[in-house]
Amino acid sequence: MAFSKLLRTTLAAMGCLMVPATASASDRQFAYTYNTSTIAPGQLELEPWTTFRIGRDDFYFRTDHRFELETGFTDSLQGSIYFNVSATTEQTRPAGATQSVRETEVEWEGVSLELKGKLSDAVADPVGFGLYFEPTITPTEGEVEVKALLDKRAGDFYFAYNLVGEWEIEFGAPGEAEHEFVLEHDLGLAGYVREDVTLGGEVRNVSLFELGEGFESSTFFAGPAVSFRQKRFFATASITPQIFSISGEEEEEEEEEEGDSSLDLEHHERLSARLIVGFEL
């Protein structure tokens, strides 16, 4: 497949440019909330991501796959490239049909680039602080995501907080586009069971604003998180069911007519879960 050929070619090209590194693989405690740490200069990692999104008003199951190549530029700056693919199975009713059917669609979700910089350290300084920038281009959308990262490790206790702003532009007919702004708060709390294992949880709040329409919804998710790390490998997973949602006036009226105003099942799923693994190359 063209994608597999592109991935192999990219790996080979980057591998030729990198000096073999001896530093350990990334230490990531949460699947949604980022920490401030960066990998060593010249180190190269491959990180496959899978996000599961389950349940809307009718049957809905979506998997988002991201294949990330990550490298360190300096002791406090790293960059990545992501290849994004999604597969969605949902209950639909084709035009003219009397019964609904389940259909699956696989979509190429474009390419993302990432820059992440660490300005202070979570252990050596009073608090770790970093900045994150990620643009994404897809066949039908453009996105820019910016994060302010905070974290702190004190003994066996670790916390991380992200303030996230994302601007999305969805392209329609020529000269037409829909603009949406996403404001997100991510918080992770964990304890070190061992130096290579953490257990904890994540809380996420995602608020949506549409240009010209104003506030749409603010949705809360919360659930457990676990991570495991070895010298050249790490894995982290989080499960975050939707807890409740606050809607704007128009959205609230529509939900009351449908008889369910506690969850936002138009923009989000009942349950989301993410697994990330990393391999030092």
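The legends below describe close-up views of a predicted model.

**View 1. Overall chain, with two helices and 12 strands.** Along the sequence the elements follow the order α-β-β-β-β-β-β-β-β-β-β-β-α-β. The chain has 281 residues, and 42% of them are buried. Among contacts with a separation of 6 or more, 56% join residues 24 or more positions apart. The accessible surface of the chain is about 14,400 Å², and carbon and sulfur atoms contribute 61% of that area.

**View 2. Hairpin of strands β6 and β7.** Strand β6 covers residues 141–154 and strand β7 covers residues 157–171; the two run antiparallel and are joined by 14 bridges. One of the paired positions is E141, whose bridge partner in β7 is E170. Two residues lie between the strands of this hairpin, and G155 in the turn has a positive phi of about 65°.

**View 3. Strand β8 between its partners β7 and β9.** Strand β8 spans residues 177–194. On one side, β7 and β8 run antiparallel and are connected by 15 bridges; here F157 has G191 of β8 as its bridge partner. Strand β9, residues 197–210, also pairs with β8 in the antiparallel sense, over 14 bridges. Within that pairing, E184 stands opposite V206 of β9. β8 and β9 form a hairpin with two residues between them.

**View 4. Hairpin of strands β9 and β10.** Strand β10 is made of residues 214–230 and pairs with β9 in the antiparallel sense over 14 bridges. R204 has F221 in β10 as its bridge partner. Three residues separate the strands in this hairpin, and G212 takes a positive phi near 90°.

**View 5. Surroundings of H179 in strand β8.** H179 is counted as partly exposed because its relative accessibility is 23%, which lies between the limits of 20% for buried and 50% for exposed. Leaving out residues up to four places away in sequence, H179 touches W167, E168, I169, F209, E210 and L211. The C-alpha atoms of H179 and G142 are 9.8 Å apart, with the two positions 37 residues apart along the chain counted as their separation.

**View 6. Nonpolar surface patch that includes F181.** The patch has an area of about 770 Å² and is made by F73, L77, L115, F133, V144, V146, W167, F181 and L211. F181 is found in strand β8 and is partly exposed, with a relative accessible area of 30%. Two further members of the patch, W167 and L211, are among the residues that H179 touches. In a regular strand, side chains alternate between the two faces of the sheet.

**View 7. Largest nonpolar core and a second, separate core.** Nine residues make up the largest nonpolar core: A31, Y32, Y34, W49, Y82, Y132, L149, F234 and I276. A second core, separate from this one, has six residues, including F30, A190, Y192 and A225. Returning to the largest core, I276 touches A31, W49 and F234, and its contacts also include R28, E47, P48, A235 and T236; residues up to four places away in sequence are not counted.

**View 8. Salt bridges around R62.** The whole structure contains 12 salt bridges. R62 forms one with D64, where the closest N and O atoms are 2.5 Å apart. D64 is buried, because its relative accessible area is 13% and the limit for buried is under 20%. R62 also meets E109 in a salt bridge, at 3.7 Å from N to O. This pair links distant parts of the chain, since R62 belongs to strand β2 (residues 60–74) and E109 to strand β4 (residues 101–120), 47 residues apart. E109 is partly exposed, at 21% relative accessibility.

**View 9. Salt bridge between D196 and R194.** The closest N and O atoms of this pair are 3.0 Å apart. D196 counts as partly exposed at 23% relative accessibility. R194 is also partly exposed, with a relative accessible area of 48%. Elsewhere, salt bridges that share partners join R53, R56, R62, D64, E109 and E269 into one network.

Notes: Residues numbered from 1 in each chain as written. Predicted model: local features only at pLDDT ≥ 70, side-chain atom pairs only at ≥ 80, totals over all residues. Heavy atoms only, no water. Patch = residues over 30% accessible without salt bridge, like charges linked within 9 Å, V, L, I, M, F, W, Y side chains within 5 Å. Areas by Shrake-Rupley, 256 points an atom, 1.4 Å probe, with all protein chains shown as cover. Salt bridge = Lys/Arg side-chain N within 4 Å of Asp/Glu carboxyl O. Helix = DSSP H or I, 4+ residues; strand = E, 2+ residues; numbered from the N terminus. Buried < 20%, exposed > 50% of the residue type's maximum accessible area, 1.4 Å probe, protein only. Contact = heavy atoms within 4.5 Å. Core = buried A, V, L, I, M, F, W, Y, C linked by side-chain atoms within 4.5 Å. Pairing = 2+ DSSP bridges.
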